[in-house]
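Got the model up on your screen? Let's walk through a few of its charged pairs and one sheet, question by question.

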Amino acid sequence: MTTSDPARRSAKAALRQLFNPILAGATLTERLIGCLGALVATALTGFLCGLLLGPDPHLPLIVAPIGASAVLLFVVPASPLAQPWSIIGGNSLSALSGLVVAHFVHEPALAIGLAVSLAIAAMSLTRCLHPPGGAVAMMTVLGGQAIADWGLLFPIVPVGLNSAILVTLGIVAHKLSRRAYPHLAPPDAANLHQTRDLPPQLRAGFSEADIEAALAAMHETFDIDRGDLKQLLMQVELQATIRRHGPLSCSDIMSRDVIRVSENDTPETVRALLLRHNIRTLPVTDAEGRLLGTVGLRELIGADGAIGANISRAATALPHDPALALLPLLTDGKAHAVVIIDEDERIEGLISQTDLLSAVSRALALEEGQDLKPALNRPMLAVG
């Protein structure tokens, strides 16, 4: 091996890195779906605009920057830059910015720079930043017969109309492909007990202040909503916990003798079972033994007749799922137990908050080489 071999390999690795996907979570399937969505949506946008506006030789069916909007809409639909208001407002305000600059500045080179700059400012102030807006502003300044003919209406027709039709088709396409659009960041966890304490899942780990401090320290602007960033970091934290404590599965810790009730049982029967077995939640099954939901004392308030109409949605998992992945479910203040089901939604077992807490405490004791029994057996002081 020559001394230049390591340098050559390093150069090749750096070259390959330049062509690696830069979007986290990007897959070939996602890209193909994006291609198909952009194909149908842009073609239909031009077709519909042609029907609505008629054969005007001075009015384009679709403005070129709409193609860039389609890339964002179908390739990165979760981006803040690809949301409906960003596309419609960003493109329309950018066209208006271009018209304003073109009216006052007649030097082309200066005008295009000012138009893009003004478009960025307008989009930032109105919270609709959209990169293709820069191209819209530049196109408007450079002018043409269509822009001259339509004047102040140009930001609305065709730019606003193109953008609105594209967004509408994007919403339909994402709904058909079972993707959430417009994208909304998950809401912050709430304390369901109406006290001033933070929700249990927010009392440990990082905080909002930590995220703000990290962003400030990095001096970078990231194309991700703060709420999405928070959820991503929480998921990373959870996956790291699962990895550190080994492949403990739900089937390893679940209760298998599960007390359950039928959808046709009465509130009295359910209440008696809850009190007799000192439990807070009972799974409810249909006539074929498939899980329908859960019922507890809260659902029994005011219940009359069969309890099938009073059940709540059940938190579920599969037997091979990592047990520690249930932490978010069992610390959200809503679920007291997770029902373990098979592929046919038949009950295999149940994991309560106590079951998971016991498993976590054992895992921590094994990791740190400690014995928890002395602490657990220590007498507790009575207060009051």
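Q: Is arginine 226 buried, partly exposed or exposed?
A: This is a predicted model, so take the values as computed ones. The relative accessible area of arginine 226 comes to 47%. Exposed would need over 50%, and buried would need under 20%, so arginine 226 is partly exposed.

Q: Which residue forms a salt bridge with arginine 226?
A: Look for a carboxylate whose oxygen sits 2.6 Å from the closest nitrogen of arginine 226. Arginine 226 is in helix 10 and the partner is in helix 9, so the pair ties together parts that are 14 residues apart in sequence. That partner has 35% relative accessibility, which counts as partly exposed. The residue is glutamate 212.

Q: Which helices does the salt bridge between glutamate 208 and lysine 230 tie together?
A: The side chains of these two meet at 3.1 Å, N to O. Glutamate 208 falls within residues 208–218 and lysine 230 within residues 226–244, so parts 22 residues apart in sequence get linked. Those are helix 9 and helix 10.

Q: Is lysine 230 buried or exposed?
A: Its salt-bridge partner, glutamate 208, is partly exposed, with a relative accessible area of 37%. Lysine 230 has 8% relative accessibility, and the cut-off for buried is under 20%. So lysine 230 is buried.

Q: What is the N to O distance in the salt bridge of glutamate 288 and arginine 290?
A: Glutamate 288 counts as exposed at 52% relative accessibility, while arginine 290 is partly exposed at 27%. Their side chains meet in a salt bridge, and the N to O distance is 2.2 Å.

Q: How many salt bridges does a search of the whole structure find?
A: The pair of glutamate 288 and arginine 290 is one of them, and the pair of arginine 226 and glutamate 212 is another. Searching the whole structure gives a total of 5.

Q: Which strands stand at the edges of the sheet?
A: The sheet is open, with 3 strands in the order 1-2-3 and mixed pairing. An edge strand has a single partner, so one side of it is left without a neighbour in the sheet. That describes strand 1 (261–262) and strand 3 (291–295).

Q: Which helix packs on the sheet?
A: The helix touches strand 1, strand 2 and strand 3. Its direction makes about 145 degrees with that of strand 2. It spans residues 267–276 and is helix 12.

Q: What is the bridge partner of serine 262?
A: Strand 1 runs parallel to strand 2 (residues 282–285), and 2 bridges join them. The partner of serine 262 lies in strand 2: threonine 285.

Technical notes. Residues are numbered from 1 along each chain as its sequence is written. This is a predicted model: local features need pLDDT of at least 70, side-chain atom pairs count only at pLDDT 80 or more; totals for chains, interfaces and linings use all residues. Side-chain values use heavy atoms; hydrogens and water are left out. Two strands pair if DSSP finds at least two bridges between them. Helices (H or I, at least four residues) and strands (E, at least two) are DSSP runs, numbered from the N terminus. Contact means heavy atoms within 4.5 Å. Axes are lines fitted to C-alpha atoms, for helices over the stretch in contact, and angles run from 0 to 180 degrees between N-to-C directions. A salt bridge is a side-chain nitrogen of Lys or Arg within 4 Å of a carboxyl oxygen of Asp or Glu. Buried means under 20% relative accessible area, exposed over 50%, partly exposed in between (1.4 Å probe, protein chains only).
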